[in-house]
Amino acid sequence: MRSVRVVPCLDVDAGRVVKGVNFVGLRDAGDPVELAARYDAEGADELVLLDITASSDDRETMVEVVRRAAEEVFIPLTVGGGIRSLDDARTLLRAGADKVAVNSAALARPSLVSDIAETFGSQCVVVAMDVRRRPGGSYEVFSHGGRRPTGLDARTWAVVAERLGAGELLATSMDRDGTEQGYDLELYALLGAATSVPLVASGGVGDLGDLVAGAAAGADAVLAASIFHYGRHTVGEAKEYLEAHGVVVRPRGA
């Protein structure tokens, strides 16, 4: 039976966790290694660490964050932001990441996905998608931290990414990010129907009911940030709530 993973997300800027709304208005949320250790202790299934500035100046900072986090936690780490080459992926995997998430660079050079998959295995490569709904109801992919429209349809890119070797898709609704209005359920139903790799839902969680709705829409993992970072709920409470509403979750330490 399919189990749904609960995944806290740490957006990292210059070594600190931050959170905003619709990708802007960032505020500090704490030390990434301390938060990672807390979520591990609470029973998180995985952690996602995203370098949201991803400039060359911050690259060494992020590698050090990954290295320190890997020493403190015993759950898989997905790391993304500024991964432009096979060497970038190798550096983060050697620092302790279990998976690397590629976004803008993969849109510019799709062969990066297949390069990583062929070198390290599909299980190591996640294609992250920042997506905004179009007026007609379809979805467009954006690059460079949501700042540049690509004109590319999200469903099309998801199908291509899977064919290139992506082992997982992490789709963030830019419209819902930080709003606490719930996931864009239509987006995840659309992507889930078009692909067969695991799908991570991201963007908009305001309460635990949103996690249940994301799982019901077909997400294999439900990602959240604000409800965990600011102490509204623990990961353990999220898992208990999901289980109480008929969603199969992984037991602690599984």
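Contact here means heavy atoms within 4.5 Å.

**Figure 1. The whole chain, before we zoom in.** What you're looking at is a predicted model. Among contacts in the chain with a separation of 6 or more, 65% come from residues 24 or more positions apart. The chain is built from 10 helices and 12 strands. Its radius of gyration is 16 Å, close to the 18 Å that the globule rule gives for 254 residues, so the chain is as compact as a globular protein of that length. If you want a box for the C-alpha atoms, roughly 45 × 45 × 40 Å along the principal axes will do. Buried residues account for 54% of the 254 residues.

**Figure 2. The outside of the chain and its charges.** The accessible surface adds up to about 10,500 Å². Carbon and sulfur atoms own 49% of that surface. For anyone setting up charges, there are 26 positive and 37 negative side chains. The centres of those two sets sit 3 Å apart.

**Figure 3. Strand S7 and the strands it pairs with.** Strand S7 covers residues 125-133, and seven of its nine residues are buried, so the rest of the structure largely encloses it. Strand S6 (residues 99-102) runs parallel to S7, joined to it by three bridges. To find that pairing on screen, look for Val-102, whose bridge partner in S7 is Val-127. Strand S10 (residues 168-173) is also paired with S7 in the parallel sense, this time over six bridges. There, Val-131 stands opposite Ser-173 of S10.

**Figure 4. The hairpin of S7 and S8.** Strand S8 (residues 139-143) pairs with S7 in the antiparallel sense, and four bridges hold the register. Arg-133 has Tyr-139 in S8 as its bridge partner. Five residues lie between the strands of this hairpin. Keep an eye on Gly-137 if you're checking backbone torsions: its phi is positive, near 110°.

**Figure 5. A close-up of Met-129.** Is Met-129 buried or exposed? Met-129 belongs to strand S7, and with a relative accessibility of 0% it counts as buried, since the cut-off for buried is under 20%. So what does Met-129 touch, leaving out residues up to four places away in sequence? The list is Asn-103, Val-141, Ala-154, Trp-157, Ala-158, Leu-170, Ala-171, Thr-172 and Leu-191. Asn-103 is 26 residues from Met-129 along the chain, yet their C-alpha atoms are separated by 6.2 Å. Val-141 lies within the residue range of S8, while Leu-170, Ala-171 and Thr-172 lie within that of S10.

**Figure 6. Strand S5, with S4 and S6 alongside.** In a regular strand the side chains alternate between the two faces of the sheet. In strand S5 (residues 77-80), Leu-77 and Val-79 point one way. Thr-78 and Gly-80 point the other way, and all of these residues are buried. Strand S4 (residues 47-51) runs parallel to S5, with four bridges joining the two. S5 and S6 run parallel as well, joined by three bridges. Gly-80 is a handy landmark here: it is the bridge partner of Leu-50, and Gly-80 in turn has Ala-101 in S6 as a bridge partner. From S6 you can step back to S7, the parallel strand of Figure 3.

Notes. Residues are numbered from 1 along each chain as its sequence is written. This is a predicted model: local features need pLDDT of at least 70, side-chain atom pairs count only at pLDDT 80 or more; totals for chains, interfaces and linings use all residues. Side-chain values use heavy atoms; hydrogens and water are left out. Buried means under 20% relative accessible area, exposed over 50%, partly exposed in between (1.4 Å probe, protein chains only). Two strands pair if DSSP finds at least two bridges between them. The radius of gyration is taken over C-alpha atoms; the globule rule is 2.2 Å times the number of residues to the power 0.38. Accessible areas come from the Shrake-Rupley method with a 1.4 Å probe; for residues, only the protein chains shown count as cover. Lys and Arg count as positive and Asp and Glu as negative; His and the chain ends are not counted. The place of a charge is taken as NZ of Lys, CZ of Arg, CG of Asp or CD of Glu.
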